[in-house]
Amino acid sequence: MKILVIGSTGQVARALLRQAGAHDVIAVGRPQIDLANPTGLADIVGQVAPDAIINAAAYTAVDQAEDEFDAARALNETGPAALARVAEARRLPFLHISTDYVFNGLGGAPYAETADTAPLNVYGQTKADGEKAVMNINPAALIVRTSWVYASEGNNFVRTMLRLGADRDQLNVVEDQIGRPTEAHSLADALLSLAEQMRGGASGGLLHVANSGEASWRDLAEAATSGAGMTTQINGIPTSAYPTRARRPGDTRLDLSKARNEYGIVLPDWQASLQTFLEMMGVSGRRA
Ligand SMILES: NC(=O)c1ccc[n+]([C@@H]2O[C@H](COP(=O)([O-])OP(=O)(O)OC[C@H]3O[C@@H](n4cnc5c(N)ncnc54)[C@H](OP(=O)(O)O)[C@@H]3O)[C@@H](O)[C@H]2O)c1
């Protein structure tokens, strides 16, 4: 199956390329495709002639987005809407990736796909608007919300903790935000399976896909550094002690039952995926 991935350098785009297996995954990013200026999209799709499209491109700088609403909206709403239109016109399965940050984190329980969105920041707002735009234009599209993504490249929390943990005896990390950390390769496997299922006629809509289990940022930092053999002390701090430009939701655990029951998608527990990741990075040093 030939799958066109929009975005080529991002965490998820690279993981899709690596996990392609028997699929022909073609990732196209800038300059060939600029989602902020999507006039040439139909031509690229025509040239590649894919069996499905996965949009892995987005404006993902959560804090910076507070000062760049228009740029975030162009990438997270207008661009995906244009892609959804091209896919719809060609009757191509279209998977669009969204985020747990569409929620305000105050629900007190894992969020089902049916839960109302109420983003706290510009990034989450533009992603929520993008979801609605995609669904309106292309009701057959599958919108996959995921959370706390990390990979071996790019700016992500796990890499930051491994870098800081190598230099410092102690780290202060927020412990009152919880969610489901998700390793990019396990997410990519699920996306490829979903693309195949969509081609086979599976229905679209909203879907939550993440590694199972739950963690705070402190838990994730602790597991990453100790898993890499570091003895760094990880101190839990409240969100109030770590002010950021954008507000973050407190509890964005995604309910994963629809993915399991309707699509047979079950990702490993986050700790197992983290361990695999550390081994892949060559830094696994956990002592028995
Ligand atoms: N990272 C997370 O923790 C997280 C959590 C939940 C959901 N998500 C969602 O998962 C998806 C993938 O995220 P990620 O972590 O892989 O993001 P990422 O590493 O920040 O990559 C962003 C991608 O967007 C592309 N891009 C940026 N500007 C573009 C433009 N004008 N035109 C075309 N492409 C452009 C980049 O490609 P170039 O710059 O090379 O062009 C890159 O491939 C996104 O939808 C994101 O919202 C991420």
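**Exercise 1. Is glycine 130 buried or exposed, and how many other C-beta atoms lie within 10 Å?**

*Solution.* The structure is a predicted model, in which local features need pLDDT of at least 70 and side-chain atom pairs count only at pLDDT 80 or more, while totals for chains, interfaces and linings use all residues. Residues are numbered from 1 along each chain as its sequence is written.

Step 1. Apply the criterion: a residue is buried if 20 or more other C-beta atoms, placed from the backbone, lie within 10 Å of its own, exposed if 12 or fewer, and partly exposed in between.

Step 2. Glycine 130 has 29 other C-beta atoms within 10 Å, and is therefore buried.

Step 3. Locate the residue: glycine 130 belongs to helix H4 (residues 122-137). Helices (H or I, at least four residues) and strands (E, at least two) are DSSP runs, numbered from the N terminus.

Step 4. Identify the neighbours. Leaving aside residues up to four places away in sequence, glycine 130 touches Asn76, Glu77, Pro80 and Ser98; contact requires C-beta atoms, placed from the backbone, within 7 Å. The C-alpha atoms of glycine 130 and glutamate 77 are 3.8 Å apart, although 53 residues separate the two along the chain.

**Exercise 2. Compare the backbone and the surroundings of alanine 49 and tryptophan 148.**

*Solution.* Step 1. Most residues other than glycine have a negative phi.

Step 2. Alanine 49 has a positive phi of about 50°, and tryptophan 148 likewise has a positive phi of about 50°.

Step 3. Alanine 49 is in the loop between H2 and strand S3 (52-55), whereas tryptophan 148 is in the loop between strand S5 (142-146) and strand S6 (149-150).

Step 4. With 11 other C-beta atoms within 10 Å, alanine 49 is exposed; with 25, tryptophan 148 is buried.

**Exercise 3. Determine how helix H1 (residues 11-18) is enclosed, and describe its packing on H6.**

*Solution.* Step 1. Six of the eight residues of H1 are buried, so this helix is largely enclosed by the rest of the structure. The buried residues are Gln11, Val12, Ala13, Arg14, Ala15 and Leu16.

Step 2. The cover over them includes strand S1 (2-6), S2, S3, strand S4 (94-99), S6 and H6.

Step 3. The axes of H1 and H6 are 8 Å apart, at an angle of about 65°. H1 is therefore roughly perpendicular to H6, a class that spans 65 to 115 degrees.

Step 4. In this contact, Gln11, Val12, Ala15, Leu16 and Arg18 of H1 meet Ala184, His185, Leu187, Ala188, Leu191 and Leu192 of H6. By class, these residues comprise eight nonpolar, two polar and one charged, where Ala, Val, Leu, Ile, Met, Phe, Trp, Tyr, Cys and Pro count as nonpolar, Asp, Glu, Lys and Arg as charged, and the others, Gly among them, as polar.

**Exercise 4. Which residues have the most contacts inside the largest nonpolar core?**

*Solution.* Step 1. A nonpolar core is a set of buried Ala, Val, Leu, Ile, Met, Phe, Trp, Tyr and Cys residues joined through C-beta atoms within 7 Å.

Step 2. The largest such core has 87 residues, and those with the most contacts inside it are Val5, Ile6, Val12, Leu16, Ile53, Ile54 and Leu191. Helix H6 (residues 184-199) supplies the largest share of this core, nine residues.

Step 3. Take valine 12 as an example: apart from residues up to four places away in sequence, valine 12 touches Ala56, Ile97, Val149, Ala184, Leu187 and Ala188.

Note on methods: Contact = placed C-beta atoms within 7 Å. Axes fitted to C-alpha atoms, helices over the stretch in contact; angles between N-to-C directions. Parallel < 35°, antiparallel > 145°, perpendicular 65-115°, else oblique.
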